Amino acid sequence: MAEDTDTTPPLVIVDGANVVGSVPDGWWRDRKGAAERLRDRLAAAGVPELSGPAEIVLVVEGAARGVEPVPGVRVEAASGSGDDRVVELVEQAGDRAVLVVTADRELRRRVTALGAEVTGPRAVRGRD
């Protein structure tokens, strides 16, 4: 990720449905529980590829909308499409450095067009 000359930590936006769905571990039986496990992992480990602090936002949708925030992770429940909410958050960030975590090709295209950087789910899921 490019160095930000500002002291504002980068904004990391995690496409919850895409990251949770990247590993076939039975997440579909308990979407909210899977999103909560991801949230807890983000709170504990952050984004290992970043060298400093970051503001982490987990975007959830559908059955995972009831996930609560925890210290270190803000949770944004999308009223419609999670992808659209991710794009809105990137747009609202202005000139701030933004890293979006997703493997969704169309979402990657949309957010990079707005100046965000993108990384895949392994950045926050590890190799499990």
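This note goes through the sheet, the helices on it, the salt bridges and one aromatic pair.

1. The model is predicted, so local features need pLDDT of at least 70 and side-chain atom pairs count only at pLDDT 80 or more, while totals for chains, interfaces and linings use all residues. Residues are numbered from 1 along each chain as its sequence is written, and side-chain values use heavy atoms, with hydrogens and water left out.

2. The sheet is a good place to begin. Five strands (DSSP runs of E, at least two residues, numbered from the N terminus, just as helices are runs of H or I with at least four residues) make up an open sheet in the order 3-2-1-4-5, with parallel pairing. Strand 3 and strand 5 (117–119) stand at the edges with a single partner strand each, so one side of each has no neighbour in the sheet. From one strand to the next the twist averages 25 degrees, where axes are lines fitted to C-alpha atoms, for helices over the stretch in contact, and angles between N-to-C directions run from 0 to 180 degrees.

3. At one end of that order, strand 4 (residues 98–101) pairs with strand 5 in the parallel sense over three bridges; two strands count as paired if DSSP finds at least two bridges between them. Valine 101 stands opposite threonine 119 in strand 5. Helix 4 packs on the sheet, where it touches strand 1, strand 4 and strand 5, and its direction makes about 155 degrees with that of strand 5; contact here means heavy atoms within 4.5 Å.

4. Helix 2 (residues 31–45) has 15 residues and reaches 21 Å from its first C-alpha to its last, close to the 21 Å expected at 1.5 Å a residue, the expected span being 1.5 Å times one less than the number of residues. Helix 2 lies across strand 1, strand 2 and strand 3, and runs at about 175 degrees to strand 2. Glycine 46, which follows helix 2, has a positive phi, near 65 degrees.

5. Which residues of helix 2 are buried? They are Gly33, Ala34, Ala35, Leu38, Arg39 and Leu42, where buried means under 20% relative accessible area, exposed over 50%, and partly exposed in between (1.4 Å probe, protein chains only). What covers these residues includes strand 1 (11–15), helix 1 (16–20), strand 2 (55–60), strand 3 (73–77) and helix 5 (122–125).

6. A salt bridge is a side-chain nitrogen of Lys or Arg within 4 Å of a carboxyl oxygen of Asp or Glu, and by this rule the count comes to eight. Arginine 85 forms one with glutamate 76, their closest N and O atoms being 2.8 Å apart, and both residues are buried. Arginine 85 also forms a salt bridge with glutamate 88, again with closest N and O atoms 2.8 Å apart; these two lie in helix 3, three residues apart, about one turn of the helix. Glu55, Arg74, Glu76, Arg85, Glu88 and Arg96 are linked in a network of salt bridges.

7. The side chains of aspartate 84 and arginine 110 also meet in a salt bridge (3.0 Å, N to O). Aspartate 84 lies in helix 3 (residues 82–92) and arginine 110 in helix 4 (residues 105–112), so the pair ties together parts that are 26 residues apart in sequence.

8. A search of the whole structure finds one aromatic pair. Tryptophan 27 and tryptophan 28 form this edge-to-face pair, at 5.6 Å centre to centre and 80 degrees between the planes; rings of Phe, Tyr and Trp (its six-membered ring) pair if their centres lie within 6.5 Å, and planes under 30 degrees apart count as stacked, over 60 as edge-to-face and the rest as tilted.
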